[in-house]
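Visitor: I should like to understand how the descriptive words used for a protein model are justified. Would you take me through them?

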Amino acid sequence: MAYQVLARKWRPQKFEDVLGQQAVTRTLKNALKSKRIAQSFVFSGPRGCGKTTTARILARALNCAKGPTPDPCGECDACIEIAEGRDMDVLEIDAATHTGVDNVREVIIEGLAIAPVRDRYKVFIVDEVHMLSTNSFNALLKSIEEPPPHVIFMMATTAQDKIPDTVLSRSQVYEFKTISGKIVAQQLRTIAVEEKIEIPDEGLMLLARAGEGSMRDSLSAFDQVLAFAGETIVVDDVVTVLGLVGRDLVFDLLDAVATEDAPSAFALVERAIERGYDLRLLCRELARATRDLLILSVDPKRASDPDVTSDSERERLSAMSGQWSREDLLRAFDQLTKAEQEVRVSDQPRYNLEMALLRLMHLRKLVPLTDLLSGSGNVARSQQSSATPRTPQLPRIPQVPQVPQVPQVPQVPQVPQVPRAVREPTRTTSGTSGTSGTSGTSGTSGTSGPSADSGFKDRFLTELKSGKSTFYNLVVASAFRIDATAAGVVFTFLPNQKNAKSQCDEQKAWLQSIAEKITGRPVPVSIVVADSGSQPVPAPLPVLPVAAGSSQKASPEELKAEAMANSTVQAVLEIFPVDKTTIEER
């Protein structure tokens, strides 16, 4: 008898033999028990997880001599012929070779009306059904939705998204999942015992990981290694045949990164290239090792999990987990994942891998901001550096001590400009008493008093102007009257100056603080409104001395000098600065 590969020889014959798909098998068994059998099934999932095998088992369960039953006997003619693929009433169709609508019409549609030759149901198993054309799917819609009572469709696919929704809505869809490495390794151990093959558990885990969740791929790899090494297999045989990256090389690379030993890392990359390893696979294995270290860091109890580490690797992996923080492992996983993509498209993949390892060494020097603020970051890094040898560094150049800065001399407050003394004839205004020989501030009437009160008022106004010049120019300068003495400050506004008064009220606390700063004691500040009949006393304009009996007018330069000396003009120029001014006499 011809040799039969392990994947076909150990194909499941019962629902209980299908591994990792308990949800699917339990649903189908319950449907068979309750006689709730649909007319169409869609089995979708990755390769090698049992889709076509489940379809065959379901066909056997439907056509078994003791059926329909969830446990086919495997001894009747129907069970035997379906298992061998030669039953006339169970048609397995490869959709990749029957994509056209004509093929579907000849093979499926025209045979629907024909009753089964011997079995209870006529079953159509369409493998890789997503390969059918759009017209073929449209031709099958009516047949799938309302087939004859003796017809059942079973469709298997690895690309469910390519099947039209009109077909999926007329069928029961079962999604298959990848099989965990632990379950695959256990099944491989069962097969090795039955086949009398000697292989360590570490080699079985390598085969399970090579299959990436596919039982058929793992069994095919097992057949390949068996042909190479015979019935006694060691781990090196598995690594050599499958081209896998040895875990020792992966751990050595991670040790080189942890100790920041760049020369060793470059030498290990060169060794991997000499052995013919695929650098993309090397990046993938490094990322998987960092994932295993992170799992051990999060949950040390999983050190005995075969999906994380084997017995021979457990001690070394546990020792390495103490050299990496969780932040370093997360950054390393991201960098290695990006490096795999870069190596895939790079013309010089070796350079990309070497630079990725150097970046990992640099990123390990980063200290979390919280540790840096708390002061524990330097201690932790120093302890880590003492635990792991590093490349000696050159002594740092001592920093030149900084010359102490000369204390800044406090700025002397600017003395307010005193308007030049000019002669002015005595004036008498009805309702208001004026003063002669003195000039008032713009918008205020001059007051006579002791020299101390005059000095207080000048300092007070100077502090206001230096502290808030805009407030001074817009509010203080527009006041009808300002009476400022050491006993109190009174701002008087006209009734139509409500906005200015409200702004002054808002700054009352600040005004009191300025007055207290000058006198050294609290000074009350009042803001009042003048009577409606009051009129502001205009600030006297300076008059140039004119010789007696002369009627000569002042020159434009003299008029400009007089206008620029006026405090109101100066306040306006501070708010609206201009380069050139023209003075006209009216």
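Visitor: What share of the 586 residues of the chain counts as buried?

Guide: Of those 586 residues, 39% count as buried. Buried means under 20% relative accessible area, exposed means over 50%, and partly exposed lies in between, with a 1.4 Å probe and protein chains only. Please note that this is a predicted model, in which local features need pLDDT of at least 70 and side-chain atom pairs count only at pLDDT 80 or more, while totals for chains, interfaces and linings use all residues. Residues are numbered from 1 along each chain as its sequence is written, and side-chain values use heavy atoms, with hydrogens and water left out.

Visitor: How many helices and strands does the chain have?

Guide: The chain has 25 helices and eight strands. These are DSSP runs numbered from the N terminus, a helix being H or I with at least four residues and a strand being E with at least two. Contact means heavy atoms within 4.5 Å. Of the contacts in the chain with a separation of 6 or more, 73% are between residues 24 or more positions apart.

Visitor: How do you know that the span of helix H13 agrees with its number of residues?

Guide: The expected span is 1.5 Å times one less than the number of residues. For the 13 residues of H13 (residues 262-274) this gives 18 Å, and the end C-alpha atoms are 19 Å apart, which agrees.

Visitor: Which residues of H13 are buried, and why are they said to line one face?

Guide: The buried residues of H13 are Ala262, Ala265, Leu268, Val269 and Ala272. Seen down the axis of H13, they fall within an arc of 120°, so they line one face of the helix. The arc is that of the directions from the helix axis to the C-beta atoms. Pro263 and Glu274 are exposed on the other side of H13. The buried residues pack against helix H12 (247-258), helix H14 (279-298) and helix H17 (349-363).

Visitor: What puts the buried residues of helix H8 on the same side?

Guide: Let us begin with the helix itself. The 15 residues of H8 (residues 181-195) should span 21 Å, and the end C-alpha atoms are 21 Å apart, which agrees. Its buried residues are Val184, Ala185, Gln187, Leu188, Ile191 and Ala192. They cover an arc of only 165° around the axis, which puts them on the same side of H8. The face turned away from that buried side carries the exposed residues Val193 and Glu194. Helix H1 (6-9), helix H9 (201-211) and helix H10 (215-229) are among what covers the buried residues of H8.

Visitor: Why is leucine 336 called buried?

Guide: Leucine 336 has 0% relative accessibility, so it counts as buried. It is in helix H16 (residues 326-345). Not counting residues up to four places away in sequence, leucine 336 touches Cys283, Leu286, Ala287, Thr290 and Leu360. Leucine 336 and threonine 290 are 46 residues apart in sequence, and their C-alpha atoms are 9.2 Å apart in space.

Visitor: Why is glutamate 260 called buried, and is lysine 35 buried or exposed?

Guide: Glutamate 260 has a relative accessible area of 12%, so it is buried. Lysine 35, with a relative accessible area of 53%, is exposed. Glutamate 260 is in the loop between H12 and H13, whereas lysine 35 lies in the loop between helix H2 (22-33) and strand E1 (40-44).

Visitor: What is the phi of each of these residues, glutamate 260 and lysine 35?

Guide: Glutamate 260 has a positive phi of about 55° although it is not a glycine. The phi of lysine 35 is near 60°, again a positive value in a residue other than glycine. Most residues other than glycine have a negative phi.

Visitor: What makes helix H3 largely enclosed by the rest of the structure?

Guide: In H3, 13 of the 13 residues are buried, so the helix is largely enclosed by the rest of the structure. Its end C-alpha atoms are 19 Å apart, which agrees with the 18 Å that its 13 residues should span.
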